Structures are given as structure tokens and as C-alpha cells.
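Have a look at the structure below, and let us walk through it together. We begin with one charged residue and move on from there.

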Amino acid sequence: MNADADNAAFDPGARRERWRRQFARQAARAAAAHTLAVEGSLRRVVGLTLEAEGCEAALGARCLVDTADGDKLETEVVGFADERLLLMPVDDMRGVLPNARVRPFARSGGLPVGMHLLGRVVGADGLPLDGHGPLDIDEHAALKREPINPMARKPIDAPLDVGVRAINALLTVGRGQRLGLFAGSGVGKSTLLGMMTRYTNADVVVVGLIGERGREVKEFVEHTLGEEGRRRAVIVAAPADAPPLKRLRGAQYATAIAEWFRDRGQRVLLLMDSLTRYAQAQREIALAIGEPPATKGYPPSVFAMMPALVERAGNDAEGKGSITAFYTVLTEGDDYRHDPIADAARAILDGHIVLSRDLAEAGHYPAIDIEASISRVMPQVASRGHLQAAQRFRRVYSAYRQQRDLIAVGAYQKGSDPQVDLAIEMWPQLRDFLQQEVDEPTALDDAVKRLAVLAERVAA
């Protein structure tokens, strides 16, 4: 035995194997060790921007700043200039001192995800806001992830029932589609979102309330969403008084939650209210660190971040899970044609639904402007007969709308245009078809059948 051991000790092959195992252990120990963080100090605060000197951190990394009361202010690296890091606070900056210690945060920025989020209301930092106790979560996900290869995505080939008759029949939504909901204030946007949340044929609903008034968050959860809709929903709230970085994270966190459910084969409905507040938050950050404004005060980074967020929704590569997303877009003065965010949103989304103030003021709900709205994937998910019926409806509806002023004052002469004559005769049925009570959902098949009946009268 001793002789064999001595031979093994002098065997070159055995020594190489022993050294190899020793080296592997040392390499694993070095990889597991925390990287040394170079600390610095706070040198300047201008508006929302903190400038730190002497520390090293990459863009997107988190740093902790000591405050006067002994707490730590979490910040994120959003830029650098010369030898200084530009930091943006996640929370209120009250208590920040000159020359305060700044140190990079070693842990990753993952936030909690999982089935236990269903029925809960959480903030952009992953902490519960509903007072129902801590989250029972073991898994975390990054706020950002690599996009899916566009050539690997499953094409949109199946319709999605959203329970709203006008959308199901005339603006049919495909599973995995991204649509914009263009609306001004007070035209029924939140009510329509609540209807789709309760009635859409989806496994999970993720709602991102970004930049909304704090009062509206509670109203949406308790009244608009209701107990039934909340049971299968996850609500992420980053209200208007939250710092811009937290509003950005809120939208990214809601998208990350939707991706987690999609990766597990779930059909997810993502409602983001609103994409405009997300863009405004990025504008505040970009202008604070010195990025020059481009279009109506919006810097170029805004128009780069919007498609990066929107493109994360859609079908997955395997065709099992999907994220159908509705992004609300607030229009200045109800003019969505000259608003830069609305214009950019139309270019990157798969369709848009426009809500009309004139219809809302006339008591027409949901106030969907059928003429100005379009679903770009409807030809791929609707039958030929359905498409023809929708075209006939639109043709007659548009004929009445174009002559409505003459009709209202009695200046239109019957017989001048057979199409307008038919539109006047059928106007009560057309108007009733587009209106719907909040608590009365209409299934996709029922909406298509009722549209077919109206289309037969148009063709007769």
C-alpha cells in the first residue's frame, strides 16, 4: 500500500490530475467571491440628478447613497461625465448630504414573480401595496431580458375574445397582438380597460398603472376591476407622484411578470396605462442628465425605449404562451395625429383604437371611433365572411357620419344618395350595435353573428 502511494505521488499523470482539481476548486472559489466595489462620494445634486465621484459602476447598475437619518437611498446609474457617475434616485431624495458615501449595490436587480402574485397589488419595487401581507415568492426575474428572435415567433393566427362587441366584430384582436388605445381624459378609457380585464378570454391579466393619479389606482382595483377580475390579475402601480425611474421600472416590471406567465404557456393579457406616462418618465430622466430634446421636447432615447418595451409582448417562440397587450396613449387636446408619442406608437403597434370625445359627450359608450380605428391583424384571424360583413358595416356607418351635419339640420334631400338613404334608415341599429353596457359582455361568436345580420340588410 505504501509503495503504491509513493509511486502515485511521483507519477506525473497523478500529479497533473491533482493540480487540475486544485485549480478547479480555486477557480470556483474566486468566481463565487464578490467583486470588490469601489466606493465614492456625492459631489453634486441638480434637480433629479446626483453626481458621484470616485466610484465605478456600469450603466444600469444600482448604487446606495447614505442619508442624514442613517438610511440608504437607492439610485441607478443613468450616465457618466468625465470622472463622475450620474445617478437617478428610485425614492425621495430627502436627507441626502454633501459628500455622502456612495457604494455600488452588488446584488442583481431582479424583482419577485410567480403564481402568488395573482390577486395582488404591488409597487414598482415588488413590494405589496394592498395590505394583504408579504408576498410568498421564491423566484425573481430581471426587469429586462433578451428579445425573442422575430423569425422564431409564432405568427398571430387565432382571435382573442375581449368581450366588447365593437372590438370583437369590427376590430378583431389576435392572440399576441399589440394595440394602442388612444384617448384624451374623461372619455371612458379606464372603463373600457376594466371591461376587457373582466371579459377577455385570457388565463392571466397583468395591469400596469403607470403615472396615474393615486386615487385612480384604488378606484380601478376596487370598482373598475372588481373582485372577479382581480382574482386572475396582477396589478403593478407606479402613481404620478413616484420618481420617474420608478415609473419606468413599473412598466418594465409589469412586462416582466407577463413574460414569466407566458414562458409557462399561459395566455396573458397585458394592459399598460399608460405608454405616454412611460415616455414622459424617460423624458424627465434624459433631460435631467443633459440629453438634448428633439421632437416637441422629447429626446431621442424616448423613441428608442418605446419599441424596446412594446416588442417584449407578443407570442413566444414555441407557440404555447402569448402576451396580448393594450397600451393606452394619452393625446394632447384629443389630437392624436400631431402628438409625437401617439405618432410613434401608431408606427410600432399592430393597430389602434381611438376613443372619441364627441361620442362620449353624446352618451355613446364605449366611445370607439370606428372610422379612425384599425386592427392590422384582423385579416389573419377573421373569416372571409366576417371581413366582408365588417366592410359593409363600415361603409354604411361612414356614409352617415360624412353627411351627419346636413342630416341634423334637415338639409339632406332623400334620394340624393342611395347609400346615405340606407344609412339613415339603419342608423338606430348601427348605433345600438356599437353601444354596450359595462356589465353585459358580448362573446366573439355572438358579435360576429349579430354583425352578419346587419350586413345582410346592407347587401339587400
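In this predicted model, Arg262 sits in helix α6 (residues 244-263). Arg262 is buried, yet it makes no salt bridge. Why is there no salt bridge to Asp263, the nearest side chain of opposite charge? Asp263 is 4.1 Å away, and a salt bridge needs a side-chain nitrogen within 4 Å of a carboxyl oxygen. What does Arg262 touch, then, leaving out residues up to four places away in sequence? Its contacts include Ile148, Arg153, Val268 and Ile323, along with Arg312, Ala313, Gly314, Asn315 and Asp316.

Elsewhere, charged side chains do pair up: the model has 28 salt bridges. Three of them are set out here.

| Salt bridge | N to O distance |
|---|---|
| Glu53 and Arg84 | 3.7 Å |
| Arg230 and Asp130 | 3.7 Å |
| Arg178 and Glu311 | 3.4 Å |

The pair Arg178 and Glu311 ties together parts that are 133 residues apart in sequence, because Arg178 lies in strand β12 (residues 178-183) and Glu311 in the loop between α8 (300-310) and β16 (314-315). Arg178 is buried, with a relative accessible area of 8%, whereas Glu311 is partly exposed at 36%.

For the pair Arg230 and Asp130, the parts joined are 100 residues apart in sequence: Arg230 belongs to helix α5 (residues 214-230), and Asp130 to the loop between β8 (121-123) and β9 (139-141). Arg230 is buried at 14% relative accessible area, and Asp130 is buried at 17%.

Glu53, in strand β2 (residues 49-53), and Arg84, in strand β5 (residues 84-89), are 31 residues apart. Glu53 is partly exposed at 28% relative accessibility, and Arg84 is partly exposed at 27%. Both belong to a salt-bridge network with Arg43, Arg44 and Glu51.

Next, a strand with two faces. Along β6 (residues 101-104), Val102 and Pro104 point to one face and are buried, while Arg101 and Arg103 point to the other and are not. Strand β6 runs antiparallel to β1 (residues 40-46), joined by two bridges, with Gly40 partnering Val102. Strand β6 also pairs with β3 (residues 62-66), in the antiparallel sense over three bridges; here Leu64 stands opposite Arg103.

Finally, the nonpolar interior. The largest nonpolar core holds 62 residues, and Ile167, Leu170, Phe326 and Phe393 touch the most other members. Helix α14 (residues 418-434) gives this core its largest share, eight residues. Beyond its neighbours within four places in sequence, Phe326 contacts residues including Val162, Met196, Leu270 and Ile353. A second, separate core has 55 residues, among them Trp260, Tyr298, Ile341 and Leu349.

Notes
Residues are numbered from 1 along each chain as its sequence is written. This is a predicted model: local features need pLDDT of at least 70, side-chain atom pairs count only at pLDDT 80 or more; totals for chains, interfaces and linings use all residues. Side-chain values use heavy atoms; hydrogens and water are left out. A nonpolar core is a set of buried Ala, Val, Leu, Ile, Met, Phe, Trp, Tyr and Cys residues joined through side-chain atoms within 4.5 Å. Buried means under 20% relative accessible area, exposed over 50%, partly exposed in between (1.4 Å probe, protein chains only). Helices (H or I, at least four residues) and strands (E, at least two) are DSSP runs, numbered from the N terminus. Contact means heavy atoms within 4.5 Å. Lys and Arg count as positive and Asp and Glu as negative; His and the chain ends are not counted. Two strands pair if DSSP finds at least two bridges between them.
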